[in-house]
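Please open the structure in your viewer and display it as a cartoon. The tour below proposes one selection at a time and describes what is found there.

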Amino acid sequence: MEQELAYAIGHDQLVLHYQPQVCAKTGEMVAVEALVRWQHPTRGLLYPAQFIGLAEESGRIAEMGVWTLREACRQLADWSARGIHIGNMAVNVSALEFRDHRLLDSLQAALDASGIPPQRLEIEITESVLMAETETSQRIIERLRQIGVGIAIDDFGTGYSSLAYLKRLRPNQLKIDRSFVNDTATDSDSRAIVKGVVGLAEALSLNVVAEGVETEEQRAFLQDIGCHTLQGYWIAKPLTVEALEQWLLNRRT
């Protein structure tokens with residue numbers, strides 16, 4: 001599998017699917033999250049849980065990250081050139097990648113090659129990355145802010161959150177973990193946590209994205225409490241480029 005993965009990265013077996021994010025108030029599309037898939041020649045379409053761990057263990061995660069950034073920026077530039085409004089592009093960065101100073105070079109190269117404005121790219125990191133802050137990661141965060149690239153804290157609420165880190169590092173947005181969103185219909189504690197995160201973000205002037213929105217009831221609750229952005233199967237599952245373009249067309253007709 002390690003040998004196959006190494007081959008896949010350099011021979012167009014990796015693909016990106018894109019999951020829409022929409023404004024909670026208007027339903028307008030504001031961004032997509034790029035999600036990597038492996039189109040294996042014999043095993044079929046593989047999802048991150050099936051190969052990201054392998055990529056990290058084998059030292060291929062940085063190489064995969066370079067490809068993901070480059071392809072996501074290239075695709076956003078292509079959509080822009082064709083007049084297709086997508087909004088911003090969010091790309092996940094693993095803890096190992098984020099501690100590697102070469103990330104900045106890869107990111108700048110992807111921006112330069114595509115010509116997209118830095119403000120339209122957003123890097124998603126988990127709370128664990130935030131809490132395991134190193135000199136390198138701090139330098140990367142500061143540089144991202146200087147460049148103008150956005151920073152989102154993914155799966156917010158599941159790690160060891162530190163308000164001091166939030167205050168100092170000032171991400172652009174928080175993504176509420178799907179486990180809290182899923183339980184809002186039946187669990188008062190989950191509702192209270194989601195309300196608390198939205199209130200905290202509002203106080204710090206941060207955007208809030210709710211992940212894993214799957215029902216109209218969840219959507220209505222999130223809109224009612226002031227959540228800014230929604231992402232999940234209720235809106236759309238991760239889509240291929242062609243499927244996303246068709247989804248956008250269907251919404252306009």
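Is D155 buried, exposed or partly exposed? Before answering, please note that the model is a predicted one.

**First stop: D155.** Select strand β6, which covers residues 150-156, and find D155 within this strand. The relative accessibility of D155 is 25%. Buried requires a value under 20% and exposed a value over 50%; D155 therefore counts as partly exposed. Next, consider the backbone of D155: its phi is positive, at about 55 degrees, although the residue is not a glycine. In general, most residues other than glycine have a negative phi.

**Second stop: D12.** Move to the loop between α1 (2-10) and β1 (14-23), where D12 is located. D12 is not a glycine, yet its phi is positive, at about 60 degrees. With a relative accessibility of 70%, D12 counts as exposed.

**Third stop: Q231.** Now select the loop that runs between β9 (229-230) and α12 (241-252), and locate Q231 there. Is Q231 buried or exposed? Its relative accessibility is 2%, so Q231 counts as buried.

Which residues are in contact with Q231, leaving aside its neighbours within four places in sequence? Display Q19, P20 and Q21 together with E33 and K175, and then add V209, A210, E211, G212 and V213; these residues are in contact with Q231. Finally, show the side chains of Q231 and Q19, which are joined by a polar contact of 3.1 Å.

Definitions and conventions: Residues are numbered from 1 along each chain as its sequence is written. This is a predicted model: local features need pLDDT of at least 70, side-chain atom pairs count only at pLDDT 80 or more; totals for chains, interfaces and linings use all residues. Side-chain values use heavy atoms; hydrogens and water are left out. Helices (H or I, at least four residues) and strands (E, at least two) are DSSP runs, numbered from the N terminus. Buried means under 20% relative accessible area, exposed over 50%, partly exposed in between (1.4 Å probe, protein chains only). A polar contact is a pair of N or O atoms within 3.5 Å; within protein, one must be able to donate a hydrogen and the other to accept it, and residues adjacent in sequence count only if both atoms are side-chain atoms. Contact means heavy atoms within 4.5 Å.
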